[in-house]
Amino acid sequence: MANAIFHLMWVSACAVSGTEAPDIERARAAAIRAAVARASASIVKIETIGGAQPIVEAGPRGRAEEGFRLGEGPTTGLVYSADGYIITSSFNFARDPSIITVTLQDGRRLIAKLLGRDYIRRLALLKVDAADLPEPQWLATDDLRVGQYAIACGRALGGDQASMSLGIISAVGRRNGNAIQTDAKVSPINYGGPLLDIEGAVIGILVPMAGSGGALAGAEWYDSGIGFAIYRDKIGLVFERLAAGESIEQGRIGIVLAEDEPSLFPFLDKLLPAAKGVKIKEVAPDSPASRADLRAGDKIVALDGQPTGDIAEMQRRLSDRAAGEQIRLSVKRRWRTIEVSLTLVRPAEIGKPSDLEAPASAPTTTRNAESPPESEPPATTQPDGN
Amino acid sequence: MRRCPSIPLILAFSLAGSELARHAAADDSKSGDLAQVRAEERERIEVIERVSPAVACVFNRGNRAGGGSGVLIDAAGHGLTNFHVIASMLEDRAGDIGLPDGKIYEMEVLGVDPTGDMAMFRARRKGAFPFAEMGDSDVLRVGDAALAMGNPFLLAEDYTPTITFGIISGLHRYQAGAGAKARALRYTDCIQVDTSINPGNSGGPLFNADGRLIGINGRVSIEERGRVNVGVGYAISINQIKRFIPMWRAGLTTKHATAGFTVVDRGRRVIVDQILEGGPAYLAGIRLGDEILSFARREISSANQFASHLGVFPANWPVEVVCRRDGEERTSRFRLEDLPIPKPEKSQQEMFGGRDLLGRTPVTEAANRRAVKRAFRYYVKALGGDEDVKSLTHIKWIGKRLSSAGTDETAVDVAESREAIRPPAANMPPVELERSIRWTLVAGGDELAARCRVIAADEITDRVAVVLECKPQKGASFQLGFDDEKGDLLRVEFREGSTGRQVRYEYEEMRKAGAVSLPHRRSLYLNETLHSVEEFQSVIAGGEE
Amino acid sequence: MSAIDLRRRFVSARRGSFAIGSILALATLARFSIANPSQGKSNAIEHAVSGAQPAVVKLYGRGIGREHGYGTGFIVSSDGQIVTTQSLLVAGRSIRAVTSDGREYDADLVRHDDSRNLALLKIDGKDLPHISLISSDALQPGDPVIALGNWFKVAEGEEPVSVSRGILSLRTQLDARRLTQDFDYAGPVLIIDAITANPGAPGGPLLDIDGRCVGVIGLIVEASATNTRLNYAVPAEEVVSFLSGQSAPASQGAIEGAVEGEPFLGIRLSKLGFRQVSAYVERVVPGSPAAEAGVKKDDLILTVDGRHIADAESFEEVVNELKPGQSIEIVLKRGEKLIRAPVTVGVKK
């Protein structure tokens, strides 16, 4: 009898102190492993030879951003189709390497050709001579829910297995609808690799995004819990062009923007809300803007028929328009409104000064929101977005 | 031939079967495991879908080039954010918020707390806003799940928040402030999380696994890598915030508190090393050399912990201190003193809009009137709702009265009826005065409300209360204290200008009596001395008979 | 009238309001019980760290340059042996250790292991709570892990150190540098996805979900491959070897058939001034091991002995580390083909 009581007490004590947690912990770990194992054969290691460390562009504050330098590799890619297409990130080829090899999980090492790069979505397409590559399973975009598990996989650190980092989907439809956002740790360890769901289906391709610093932009946010993966249908949209060897670059029209100055008569702004816009501060000679006769002082009030908000929004909306694409601007000059169509060009095709428009992620204004002094400042966002 | 159609089906089944078998062999995942993980995942998705509509992106009016985050806490559009997020909006008290519905709403900045880095705003629209429900940050445990939401790096183009997931890494953390004597933007007794918090997350909510608001994110520890998350973020606890909300809602700029004494660590003991003679702590009996055992209901084992815990209280908050002197434990109760609001330093001028704009707020009066109306509305609701209250004509109390000596018990049998009540006047005896104020609230709150003003928040019978001051006639005034969440009337205090006579009733143990909720314990204080306590076994509240 | 004025009056009106009679005082005391025990539900992490947390110590010393003057350690024996990472902090003369109960001790450096970057300290104590180490072998990628540490000096005195959860990302060998310097630990590491590359974190224990110590958080290093800060732990079995006095495995183990002398392959690469160039073969010494293996002029060397050759410089480095007599494989690119060439390393004459 005494024994029985003791036994019961022991059981109930266990029920109190021991949680059901270990069970779910073990189940989660098993699910993660199973997910990675399912996709693993499609996750390839990429090695490059030759090329040079890219020069980091000066940031908005006039200095090179926290000197992020490329590592020595390897990097990661994902089999896109069995016939030898490998999708990865343009970040991995910022050195412009002369030789690229792809190593499959089974140990086969193949020479790869870099077909094209999409600098907007930060993608790159490789081709290897193979016909039997294991294709991963993709998750349908409609099945994606904010809060679901996401696993970031990469091969940069070697080892037999792909590395894995667990997080959740933080947001969908980011960066003009190009990217899924995750708080799994995304970094050069897995740029170019897949973001998986808990059953091993591919959600998207991990890339650095936003941030500043040209070819390495976004890498300074590595492991910050702000990571991005490109949707499969966005990859599909550019696949043919990349496969054809095209390089997709952000288009420029050759203007410098300035935030509309505060009005001397604020009540007028309320009466005339349409007057809000983004002012052109400077027009580059020999650029789409100069050819369309845009002038300093003109105010852009709409882009493709949509009213423009502020510089940040305007730059964001321009940021995923590629060279070769057309845009329509509604421009207010004194009391007239002018409609112009422009064809975006590559930065290099613009006369002096060349790199006029800062990318969307690096607005040039520094109004307000100065951070409090201290080595550990509160987490307010500064307008330079870094 | 009728069997033919079934063949492909069987084949499909067997294929699926072999597929499953292969996976099962390849890994150690069982379908039951996956179901468990999917259930856990689904729960989180549902919580996020439920609470994220209340998460706001906070911007300067008409400018989305910078900004922070916020969260709405009621349907009327009141929201919380960090002071440092709205500091640049102080001059005209105007800003914008973007909600996940994709729309921008104008908001006004209400009360602010520069010391605690908190602020309240109110957004406007027709119809109710989605809002987050508050949790209890005192019951958090290290390891609990913590969801952060907000607009890091201004990524929310459509104002849908970034959701990050992690755990509570530490509790009761202290992060020194900035500015003169480090009094601005202090994070005391705050929550540390490994949830990713980045620039722009400031002012955004931290939720527990159930989607209850447990804190407001505002700081991160960073180092060589620059302004990105490295797994060490801090949130101001919601229990600290709750004590200030009534004042912010009324547009007040709030002060934090000092104890009127300081402490030092002596080995493992915490000793009073300085005390302001004649201050409230001193008058309450605390002396130099006393060992502090507990402060405001928390055990104190270091000077740092004392400072951290002190920081969560508004000025004038009542606290209880247990000290040891000559081996004897003694309990003192007093109100904390004001900690002056930090003046902006040169380095902070931009943040404060270049000037000291605190405390001079065009918005205060309007916000205060709204806050008074709200308190009355909540009171009526707490009583049992509009209709029930309007038809209320009499209340019968049956109970016993205890004297201050605790020996004398007398039976109490009070019958009140609406008709017999006169308007409050200075010459009334205490019981009639209290009855008069209570019935005035019931009968016609609006007229009384018009003469009231929110002046403070307070802790009354263990609840956060909004304190209103009312001046019905020259020289006299009374204060009303309502529970800030439930609307219960917790205190009525009358103060006569000429004689200085004070009469105060405090109520507790609210219970439903018929259609209305009324106190079952009523304490009377005369000139700050407890005079009697009445405990009512039953309260009979009635309408028309 | 401003809000401030009103408040002042309120203050004076409220002074002394708690000097009240005994009945309420008693009632209040009963309600405001001091300890205010947490009513929250326990969770798996709290459960797991409850055993280890009392054994974690905060270390303070001198910081130099990029070295932080504080770190983490954990007690591994009841008499006060403390495991931590080897850094300038523990090389300094005075190390202070603050135990989880807030007591402060002077700690002495007993022993250190420069290759594993581990150190053993000792404080004078008795019956101290301590952690036992278990092999990390059973820990698989995907398994939950918990890191504890004195990050950013957030916790002081008896305040519990910070806790973060993650999963085991990968088990691999480290090829890293320590911010600017080289980092010579080449043994196995546990890569995790909780962020631990933070000031004060090195030396903290890494736990599994059952609260057992499977590793020690390593010094802040950057991976050569990615140029990013690594979040990793040195596995517990290495710590156990260190404690039992075994030396770290040499990065190059004993090689069969090793011959004395300098390594020689017989390959000369094309060099163009100071620019980093790919490892193209300019000349193969006739009769050399490379010539015998079939290496030809204009071949591009991709790997030597499994190690990636990014440029001519790294080729020299790798070759210099080879041992004469060792059998290796060189992977070459010739035209669009990959060629594997087995080579026996020769001796330079």
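Modeller: Before anything else, pLDDT is the predictor's confidence in each residue, from 0 to 100. You'll want that here, as this is a predicted model.

Colleague: Okay, what is the mean pLDDT of chain C?

Modeller: Chain C averages 80, with 78% of its residues at 70 or more. By element, strand β7 (residues 144–149) of chain C has the highest mean, 98, and helix α1 (residues 3–14) of chain C the lowest, 28. Residues 1–38 of chain C fall below 50, though that stretch still has 55 contacts in the model beyond near neighbours in sequence. Residues 250–255 of chain C are below 50 too, with four such contacts. For the complex, the predictor gives an ipTM of 0.87 and a pTM of 0.85.

Colleague: Which residues have the most contacts inside the largest nonpolar core?

Modeller: The general idea is that nonpolar side chains in soluble globular proteins tend to be buried together. In this case the core has 297 residues, and the ones with the most contacts inside it are A:Ile86, A:Ile151, B:Ile86, C:Ile192 and C:Leu206. Helix α2 (residues 21–40) of chain A gives the most, nine residues. Look at A:Ile151: its contacts further off in sequence include A:Ile32, A:Val36, A:Met164 and A:Leu196.

Colleague: And the strands in chain B: is the pairing in the barrel parallel or antiparallel?

Modeller: Strands of a sheet pair through backbone hydrogen bonds, and either direction can occur. Here the pairing is antiparallel, in a closed barrel of six strands ordered β7-β8-β9-β12-β11-β10 in chain B. The twist averages 45° from one strand to the next. Three bridges join β9 to β12 of chain B, and B:Val193 stands opposite B:Gly233. Helix α4 (residues 238–249) of chain B lies across β9, β11 and β12, at about 40° to β12(B).

Definitions and conventions:
Residues numbered from 1 in each chain as written. Chains lettered and ligands numbered in written order. Core = buried A, V, L, I, M, F, W, Y, C linked by C-beta atoms within 7 Å. Buried ≥ 20, exposed ≤ 12 C-beta atoms within 10 Å, placed from the backbone. Helix = DSSP H or I, 4+ residues; strand = E, 2+ residues; numbered from the N terminus. Contact = placed C-beta atoms within 7 Å. Pairing = 2+ DSSP bridges. Axes fitted to C-alpha atoms, helices over the stretch in contact; angles between N-to-C directions. Lists of a residue's contacts leave out its neighbours within four places in sequence.
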